[in-house]
Amino acid sequence: MVTALRTAKFVFSAASNATLECALDGAEFASCASPTTYSDLGYGDHMFAVRSTVDQSSGTAQSFQWLVRDEAPEARDQELLVPANDAE
C-alpha cells in the first residue's frame with residue numbers, strides 16, 4: 001500500500017487471556033494495546049507486526065507493510081473496453 005499519510009492506526013484483538021506485543025519497523029516487540037497509533041512516520045517503507053502471548057508462549061506475528069511517500073500516488077485513467085455491437 002502507498003500513502004502520503006504519516007500516521008497509522010492499527011486495530012486488532014486476541015483471546016482474553018493473551019497479552020499483546022507490537023513492533024514497528026523491525027524494533028523489538030513491546031507490550032501494546034488495541035488500537036495502536038503511530039504518528040510522525042518518516043517517508044519510506046514501514047512494517048507493523050503484532051503477536052499475542054499466552055503463558056509465556058508467543059504466537060506467530062501478523063504483519064502489515066506500507067510505503068509513505070511525500071506525495072500521494074498519481075491516479076491513472078482507467079480504460080474499459082466494451083465489445084462493439086455488431087447489430088448496429
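Let me start with strand 6 and strand 8, the latter covering residues 62-68, which run antiparallel and are joined by seven bridges. I should say at once that what we are looking at is a predicted model, and everything that follows should be heard with that in mind. Within this pairing, Asp-45 has Leu-67 of strand 8 as its bridge partner.

Strand 6 itself spans residues 44-54, and strand 3, which covers residues 19-24, also pairs with strand 6, again in the antiparallel sense and over six bridges. One of the positions in that pairing is Cys-22, whose bridge partner in strand 6 is Val-50, and I will come back to that cysteine in a moment. Strand 6 has a further antiparallel pairing, with strand 7 at residues 57-58, and here there are two bridges. Val-54 is the residue that stands opposite Ser-57 in strand 7. The connection between strand 6 and strand 7 is a hairpin with two residues between the strands, and Asp-55, in the turn, has a positive phi of about 50°.

Staying with strand 8 for a moment, Ser-63 is placed in that strand, and, if we set aside residues up to four places away in sequence, Ser-63 touches Met-47, Phe-48 and Ala-49. The C-alpha atoms of Ser-63 and Leu-24 are separated by 9.5 Å, although these two residues are 39 residues apart along the chain.

Now to the cysteines. The count for this model is one disulfide, and it joins Cys-22 to Cys-32 with an S to S distance of 2.0 Å. The link of Cys-22 and Cys-32 is right-handed, with 65° about the S-S bond. Cys-22 belongs to strand 3, whereas Cys-32 is found in the loop between strand 4 (30-31) and strand 5 (36-38), so the disulfide ties together parts that are 10 residues apart in sequence. As for accessibility, Cys-22 counts as buried at 5% relative accessibility, and Cys-32 also counts as buried, at 18%.

From Cys-22 we can move to strand 5, where Thr-36 lies. Thr-36 is buried, its relative accessible area being 11%, and a polar atom of the Thr-36 side chain lies 2.5 Å from the backbone oxygen of Ala-33. Leaving aside neighbours within four places in sequence, the contacts of Thr-36 are Ala-8, Lys-9, Phe-10, Phe-12, Cys-22 and Phe-48, and several of these names return in the next part.

That part concerns the aromatic residues. How many aromatic pairs does a search of the whole structure find? The answer is seven. Phe-10 and Tyr-38 form one of them, an edge-to-face pair with 6.4 Å from centre to centre and 65° between the planes. Because Phe-10 lies in strand 2, residues 8-10, and Tyr-38 in strand 5, this pair ties together parts that are 28 residues apart in sequence. Phe-10 is buried with a relative accessible area of 12%, and Tyr-38 counts as buried at 18% relative accessibility.

A second example is given by Phe-12 and Phe-48, whose ring centres are 6.0 Å apart and whose planes are at 35°, so this pair is tilted. Here, too, distant parts of the chain are linked, with Phe-12 in the loop between strand 2 and strand 3 and Phe-48 in strand 6, 36 residues apart. Phe-12 is buried with a relative accessible area of 16%, and Phe-48 is buried with a relative accessible area of 3%. Taking the wider view, Phe-10, Phe-12, Tyr-38, Phe-48, Phe-64 and Trp-66 form one aromatic cluster.

Finally, two arginines deserve a mention alongside the rings. The charged end of Arg-6 sits over the ring of Tyr-43, at 4.9 Å from the ring centre, and Arg-51 lies over the face of Phe-29, at 3.9 Å from the centre of that ring.

To draw the threads together, strand 6 pairs with strand 3, with strand 8 and with strand 7, and Phe-48, which lies in strand 6, is a member of the aromatic cluster as well as a contact of both Ser-63 and Thr-36.

Definitions and conventions
Residues are numbered from 1 along each chain as its sequence is written. This is a predicted model: local features need pLDDT of at least 70, side-chain atom pairs count only at pLDDT 80 or more; totals for chains, interfaces and linings use all residues. Side-chain values use heavy atoms; hydrogens and water are left out. Two strands pair if DSSP finds at least two bridges between them. Helices (H or I, at least four residues) and strands (E, at least two) are DSSP runs, numbered from the N terminus. A disulfide is a pair of cysteine sulfur atoms within 2.5 Å. Buried means under 20% relative accessible area, exposed over 50%, partly exposed in between (1.4 Å probe, protein chains only). Rings of Phe, Tyr and Trp (its six-membered ring) pair if their centres lie within 6.5 Å; planes under 30 degrees apart count as stacked, over 60 as edge-to-face and the rest as tilted. A charge sits over a ring if NZ of Lys or CZ of Arg is within 6 Å of the ring centre and within 35 degrees of the ring normal. Contact means heavy atoms within 4.5 Å. A polar contact is a pair of N or O atoms within 3.5 Å; within protein, one must be able to donate a hydrogen and the other to accept it, and residues adjacent in sequence count only if both atoms are side-chain atoms.
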